[in-house]
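Please look over the sequence and the model below, with attention to how side chains from separate parts of the chain come together.

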Amino acid sequence: NNTDDIIEPKIYQVMQPPVTLTCYQMGNWMQRIARCNNNDFYMTMHDDAYTTNKNVILKFISNVERIFTDNQKLGWVGTKYDALCAYRMTMIDEIGEQDYFIRDYGIDTDTYTKIHLAKWNRTVDTETSKNLIHLISVKAKSEPLFKMKVDLESPFMWTYLNHKWGITKES
C-alpha cells in the first residue's frame, strides 16, 4: 500500500456490449466510443484476466496517463502481452480501425504491425503486470466448439497476414 501514490478520484466508464463481439468488433466499438467521448485513450481487458484489487486498474490508468504525457509517440501500453492494455486515440486515428477480416486471434499481430509501420511505439507496464492474473486462452481451452473454430480460422488468418504484411506464424 503506497500512501504516497494517491490516485485522484475520477469518473471512468466501464462498458460491456449487450452481445458477444469478436475481437475486431470490440476494438472498433471501443474506438468509436472513445472518439465520441473525446477520450485520449481507451483500454481493453481480456475476459480471462483479473485482479483481486480494483486499485491495480486505477494505478494502470494513472500510469498510462503519465506514460502518454511523457512520450508523445507512444501509442500502446500493455500488461502480460495484451491482457490489459491502453490505446492512444491519436495513434488509432492514424492507423485506422481493426481489420474486420480477422475475427479473434491474429488481430493483435495485425494491429501491432500497423503500429510499427506508422512508427508509433509500444511499452509494457511491468508494475501492473505483476499484479494482474491472466489465465491465457481459457475460452479456447475450456470450450471445444470455440477451440475448433479458432483452429479452423488459424490457417486463413496466417495466410491473410502473410499476403497483407508478409508475416508468417514463425516470424
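Does Glu 94 count as buried, partly exposed or exposed? At 45% relative accessibility, Glu 94 counts as partly exposed, a class that lies between buried (under 20% relative accessible area) and exposed (over 50%), with a 1.4 Å probe and protein chains only. This is a predicted model, in which local features need pLDDT of at least 70 and side-chain atom pairs count only at pLDDT 80 or more, while totals for chains, interfaces and linings use all residues. Residues are numbered from 1 along each chain as its sequence is written, and side-chain values use heavy atoms, with hydrogens and water left out.

Glu 94 has its place in helix H3, residues 89-95, where helices are DSSP runs of H or I with at least four residues and strands are runs of E with at least two, numbered from the N terminus. Leaving aside residues up to four places away in sequence, Glu 94 touches Lys 73, Ala 118 and Trp 120, contact being defined as heavy atoms within 4.5 Å. The C-alpha atoms of Glu 94 and Ala 118 are separated by 7.7 Å, although these residues are 24 apart along the chain. Two of the residues that Glu 94 touches also meet each other, for the charged end of Lys 73 sits over the ring of Trp 120, 4.1 Å from its centre; the rule asks that NZ of Lys or CZ of Arg be within 6 Å of the ring centre and within 35 degrees of the ring normal. Arg 122 likewise lies over the face of Trp 76, at 5.3 Å from the ring centre.

Rings also pair with one another. Rings of Phe, Tyr and Trp (its six-membered ring) pair if their centres lie within 6.5 Å, with planes under 30 degrees apart counted as stacked, over 60 as edge-to-face and the rest as tilted, and by this rule the count comes to 8 aromatic pairs. One of them is the edge-to-face pair of Phe 41 and Phe 68, at 5.8 Å centre to centre and 75° between the planes. This pair links distant parts of the chain, 27 residues apart, with Phe 41 in strand S1 (residues 41-45) and Phe 68 in helix H2 (residues 54-70). Phe 41 counts as buried at 16% relative accessibility, and Phe 68 is buried at 5%.

The rings of Phe 101 and Tyr 160 have their centres 5.5 Å apart and their planes at 45°, so this pair is tilted. It joins the loop between H3 and helix H4 (107-117), where Phe 101 lies, to helix H7 (residues 144-165), which holds Tyr 160, 59 residues apart. Tyr 100, Phe 101, Phe 156 and Tyr 160 form one aromatic cluster.
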